[in-house]
Every structure is written in C-alpha cells, then in structure tokens.
Amino acid sequence: MDTVQMALAERAAEEQRHHGKALFFWVWGALLAMTAMEVYLTYERMQPTKMLTILLGLSFVKAALIIGYFMHLKYEVSRMKWLTMCSVIACLILMTIFFFPDARRIVELGVK
Amino acid sequence: MADSAVHDVPSIYEPSLFGTYSKKIGMWLFLLSDSLTFGALLYAYSYGRISLGKDWPTPFHSESIVNATIMTAFLLTSSLTMVLAVRASVHGDAKNQRLWLLATMLCGTGFIVLHGREWTKLIAEGLTLSMFPTVPGQEAASEFASVSKGVPQFASTFFTLTGMHMLHVTLGVIYLGVVALRRKFIPILLGLWLVAWLATPVYSPFHYGAHVLLIAAIVCGIILWLKPKVYDSSDVEVAGLYWHFVDLVWMFIFPLVYLMSAKIL
C-alpha cells in the first residue's frame, strides 16, 4: 500500500479502537431480542398483512444496526454514508416500482 | 479524527473521496451490487407470493422454524465474533484475531450444516426441483410433491434464494479461513471437500455442490502462490464487511421466506 492508503487504514483502525466491546454485545443482544420477537409473532398467528408490516419493520431496524455498528458505516465520512445508502435504496425503489404494480394487477384482474 | 490527518499525508495521488482506503471502498461497491442480486431474488419470491395469494404453500412446520431460528442465532453470533476479530486485529493481538476468526468460521459452518440438513429433509418430503436427482422412495413419502408440481415457483424461488445465500456463507467461511490460516487452510479445505463429497449420497445436491470447495481450494491456492502475504487489520476489516453483509441478507430471508410461510398447528 502507498503512504496515503496506509494512513487511511491506520485512521480506520484508530476509529475501531475507540469502541468498547460492550457496544457490540448490546447490538448483538438487541438483534437476538428482535429475532425472538419475530418468532413469537409467528406463533401468535396474526393477520398476514399486519405481520408482514411488523416483520419488515423489524428487519429494517436489524439491517440498520448491522450496517451502522457491525459494518461501521456510522463512523465513516458522510459522503460515503450518503452515497452508498442512497444508491442502493434508489435501485430497490426502482425495482419496487417495476415489480409490484404488475403483481397487484394479476391479483386484481386475474391471469388472462 | 479529522479528515486533515489523512489528507495532509504527502502523496502524488489525489486524497480519497470517501476518506478511507481503496480496498474497503472496493468491497463496499461489490456489496452494493450484490445487494441488488439478493434484492432481485427477494422481489421474485415476493412477486410469486402476491400473484398466487392463498395458493402459495406454507410448508414450514414448527420444527423448520426452530431450525431456522437457531441458524439465525448462529449468524448473529458469528457477526459478533467477527467484530471482535476486527477489534483484536486493530489492537495488534494476532492470537485473539485468529481465535475470533475461527469462532466466526465455526458459527458459519454450523449455519451451513443446519441449512443443508433442512434442504435434505424438504427434498426427501418432495419439495424439489426438476434439476435435482430423484431421491429413492421420495414418491411414497412425498408431502410436498403436489406443491412442486402445482406451484413450481415456490421451489424455484426458495432454492435459488436460499441456495445463493448458502453459497455466499460458504465462500465467506473460505475467505475467513484464508485470512486466518493462509496457506495452511488449503489442505483443510481439500479435506472438507473430500468429506462433503464422499459423505453425501449421490442423489443429494450437496454431492455435486461440494465441488465448490475444490474449485475454491484451487483458486485460493493459485492466489496464495502468486501473491503470498500476511493479512493486516485492513484485510480483516474488509473480510468482516463481507461477512456482515451475508448476515444482513439473512435478516430479510428469515422473516420473508420462513416466518411468512410457517404452518403452525
């Protein structure tokens, strides 16, 4: 690695040193607790749409915790955070726009 | 730390736009593209589910849900051991770094074994793809044979999505093995390939899938022979990013595929 790359790697390492182990254990505990909640809801036999909404909500919170703390994105520079997250969310929104109206159309009109 | 600490380093190169080193940016770009692959597969699964409505099968009994929950706990724990490995590496603690990496690999292997066991059970019960070899006695005991014939989208999307994820976990375990053990990992990998190949029956998809380990051993052997190196903390951090991504994807597969298709009696 050249000097700049080494300095950047050292900076990332320096940032890692500031986090206590306890934070990672808290995040891990929160992820396990949310998983347990999801499984509990499955055994409660809720109405599917309501259950899907809650499960997806919990999945997004879990994803945010993993990306933010385990993947360390919370501590990256804002340019990195915004560009990565905005680009992937924009692509997923595009997929939603293309896929789901068609799936709903099949449900409402029936397969011809 | 202020960005100036990095940008003030004299160099002939432009300072990094993202304030971090290039290997990490490369891995983030790969993960962004891979998230779209999994996004497309999850959308395909959801599309099929919405289109078929109540005809969509719910094949996962309580036993499958318990199995998938233990698999999730394995992956979440592996993410914790992975961050501890990264932490040990930045503190220059080589011994603990290796131990935590091995613990991560162990959790990943536990996930693969449980997932493989579940696939084998579902295939034996009749939930299969036409490309899979026929299991002897499958027709007599096939609980899901009608599902495979009547709603082929379920088996196709289920096996593609979970199979792609299982492949990622397998490659992740190999990646971590190379970072932790370097050349010493190649004979271990070859041993695992032999065990996986010889211990699985010829009608199991894992009998052929085991060759992934052989291909990986050859590729890793060539890479380590061409460019032998000692992996530093930045390599461990980049490997960690990949591993956490695999965990992240499962956080969507588990509720959407398993919990939403549960058959709790």
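## A walk through a two-chain helical model

Let's start at one spot in this predicted model: setting aside neighbours within four places in sequence, Y203(B) is in contact with P133(B), T134(B), V135(B) and P136(B). Y203(B) sits in the loop between α7 (185-199) and α8 (205-209) of chain B. Is this tyrosine buried or exposed? The answer lies in between: Y203(B) has 14 C-beta neighbours inside 10 Å, so it counts as partly exposed. A residue would need 20 or more such neighbours to be called buried, and 12 or fewer to be called exposed. For a sense of distance, follow the chain from Y203(B) to V230(B): they are 27 residues apart in sequence, and their C-alpha atoms are 41 Å apart in space.

Now step back and look at chain B as a whole. Its secondary structure comes to 10 helices and 0 strands, so you will read the pattern α-α-α-α-α-α-α-α-α-α along the sequence. The C-alpha trace of chain B spans about 70 × 40 × 30 Å along its principal axes. Of the 265 residues in this chain, 39% are buried. If you take the contacts in chain B between residues at least 6 apart in sequence, 74% of them join residues at least 24 apart.

Next, head for the interior. The largest nonpolar core has 79 residues, and those with the most contacts inside it are A85(B), L176(B) and V249(B). Which helix gives the most to this core? That is helix α10 of chain B, residues 233-258, with 16 residues. V249(B) is worth a click: beyond residues up to four places away in sequence, V249(B) touches F38(B) and H165(B).

From the core, move on to helix α4 of chain B, which covers residues 94-124. This helix has 31 residues and reaches 45 Å from its first C-alpha to its last, close to the 45 Å expected at 1.5 Å a residue. Its buried residues include W100(B), L101(B), T104(B), G108(B), F111(B), H115(B) and W119(B). As you look at their positions, one general point about helices helps. An α-helix has 3.6 residues a turn, so residues three or four places apart point the same way. What do the buried residues of α4(B) pack against? Their partners are α3 (62-90), α6 (152-181) and α10 of chain B. After α4(B) comes G126(B), a glycine with a positive phi, near 110°.

One of those partners, α3(B), deserves its own look. With 29 residues, α3(B) reaches 42 Å from its first C-alpha to its last, close to the 42 Å expected at 1.5 Å a residue. Why can α3(B) be described as largely enclosed by the rest of the structure? Because 21 of its 29 residues are buried. Here too a glycine with a positive phi follows the helix: G92(B), near 70°.

Finally, turn to chain A. Its secondary structure comes to 4 helices and 0 strands, and from the N terminus on its elements run α-α-α-α. Of the 112 residues of chain A, 21% count as buried. Keep the predictor's confidence in view here: chain A averages a pLDDT of 83, and 74% of the residues score at least 70. Where in chain A is confidence lowest, and where is it highest? It is lowest in helix α1 (residues 3-17) of chain A, with a mean of 63, and highest in helix α2 (residues 21-43) of chain A, at 94.

How values were computed
Residues numbered from 1 in each chain as written. Chains lettered and ligands numbered in written order. Predicted model: local features only at pLDDT ≥ 70, side-chain atom pairs only at ≥ 80, totals over all residues. Core = buried A, V, L, I, M, F, W, Y, C linked by C-beta atoms within 7 Å. Contact = placed C-beta atoms within 7 Å. Expected span 1.5 Å × (residues − 1). pLDDT = per-residue confidence, 0-100.
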